[in-house]
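Trainee: Could you take a close look at one part of this model with me? I'd like to hear how the strands sit together and which charged side chains pair up.

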Amino acid sequence: MRHDPPAFPVGLYGMLLFALCWLTLPTVFAPLERWLVGAACVLPRTIASWWGQPAHASAPVAADRALRERAADLEARTRYADVSGARSVFPGSYEPVRCAVRQVVMDQSRRAGGGVPAELRLDRTYAELAGASDLVTKGVALIGYLPTPGNGVAADDQPEDFARVVLLGHRSSPPVGAELELEDGGRLRLVVRGAASIDPAPLRADLWDDPYRAARLDHGGQAVRTMEFAGDRDVPAGLLLGHTRIWGYSGSDNEPPLTIGVFVAPPVDPRALSRVVVWKSVVDAAALPAPRAARHLPAVVRELPGAAHGRYLLAANGRVPDGAAVVQRGRFLGTARGLALGGGLLQSFAASRHAWCVVLLPDEPGARPRELEGTVESRDGDRVLLRVRGDTFSGTQEPLVPGTLFTGSNGPFCPSGLAIGEARPHGEARDLLAVEVPPMTGPIAVEIVVDGGAP
């Protein structure tokens, strides 16, 4: 009896090949995925609308007024902290222009030493900042430069593009003349330049005026500031570059420590930056257009079967951008992932696991706001534990204090200044904040940020 050979399972292997392409080429299949998931969510959205109406925001109450007052206090304090440190080193003919960080460029090929990002994108274009000083500051610190569009690292940029900031640790950033302040009152002159990507910090100390004395540095933490330097750029003296980190071997009982290299850690991590300052002439700064206000899209949040894990269904009358902030009465709930047909998924802040740029406004009147990078460690009901890393303007990370936590700049659709909740230091840990987040039960009327700008 003759047996026919089994047919080749074309359909099965075709499905496996399609699934493999879906996994390995996510950006290619992303539009199809949005349509499929969006269409699948139409039925649950329709059914959910039969079981209750969303809770709309009521008339302003005392809590809402207090929240708006805290947001206004945050803006006033951050404006003073961003500008006051460098005001004294720039001529009076210059006026500070505060720019929001629209994007932190996370390209691995453009990382500085210590794995730190080396580029930012601002919410102002090159054309708007034309004629400004190429120095970019944060408080008393010099953090980078504005390149010229069409040249160097900005060779592909046009004047109408959002301006790029090249941080000091970038490989194309020019060296900076600096002074290191010693505990005995003495000073060492040196040149600070970008470190290699494998180095432990973004900046490296080089060309000491007294190499023997530099080799005897046995501990880090000394402040390094700019000095007048006969280079291509006119950098004013007195701007903070960072604090030293010593790389070498600890000494034995009879021998002193051996210093191999001295690195400089900038006072703030680029991933925690919400705003930076560019300096323009008084006349040009006055002619700048005001930042565009954020545009909000009304929407409704409904619970999904997996709502306990922080994922909710969004229903809006328009396109939902990826990474858009979702707010209710000024309080930040989380970010959205856009789907087709006006749908989306909300990932709550409490259930997120990626890093956030946040700002802590201390309860103490007049205290400096703290720009932090934080990741949610755990959640207990309406309270989350946030592990944070802060700035080191004073040489070390300052202790956390009670205050109100706000969003920093987390992309073009998630601006800074959205209230997250009250925050308190947790236990004895120096890097843990306990944050009270808004409860999320039942249908909720919310707003989605669909255009960047001020919140």
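Mentor: Let's start with how far to trust the model, then go through one strand and its partners, and end with the salt bridges.

This is a predicted model, so to speak of local features we need a pLDDT of at least 70, side-chain atom pairs count only at pLDDT 80 or more, and totals for chains, interfaces and linings use all residues. Residues are numbered from 1 along each chain as its sequence is written, and side-chain values use heavy atoms, with hydrogens and water left out.

On pLDDT (the predictor's confidence in each residue, from 0 to 100), the protein chain averages 84, and 82% of the residues score at least 70. Confidence is lowest in helix 2 (residues 26–40), at a mean of 54, and highest in strand 18, at 97. Helices (H or I, at least four residues) and strands (E, at least two) are DSSP runs, numbered from the N terminus.

Now for strand 21, residues 403–407. Five of its five residues are buried, where buried means under 20% relative accessible area, exposed over 50%, and partly exposed in between (1.4 Å probe, protein chains only). Strand 21 runs antiparallel to strand 18 (residues 356–362), and five bridges join the two. Strands count as paired if DSSP finds at least two bridges between them. Strand 21 also runs antiparallel to strand 22 (residues 419–425), with four bridges. Thr-404 of strand 21 shows up in both pairings: Leu-361 stands opposite Thr-404, and Glu-422 in strand 22 is the bridge partner of Thr-404.

On to the charges. The structure holds 26 salt bridges, each a side-chain nitrogen of Lys or Arg within 4 Å of a carboxyl oxygen of Asp or Glu. One of them joins Glu-179 and Arg-189, with the closest N and O atoms 3.7 Å apart. Glu-179 sits in strand 6 (residues 176–181) and Arg-189 in strand 7 (residues 187–194), ten residues apart. Glu-179 counts as buried at 18% relative accessibility, while Arg-189 is partly exposed at 44%.

Arg-187 and Glu-181 also meet in a salt bridge (3.8 Å, N to O). Arg-187 is partly exposed at 46%, and Glu-181 is partly exposed at 26%.

Another salt bridge pairs Arg-387 with Glu-377, the closest N and O atoms being 3.5 Å apart. Arg-387 lies in strand 20 (residues 383–389) and Glu-377 in strand 19 (residues 370–380), so this pair ties together parts ten residues apart in sequence. Arg-387 is partly exposed at 34%, as is Glu-377 at 41%.
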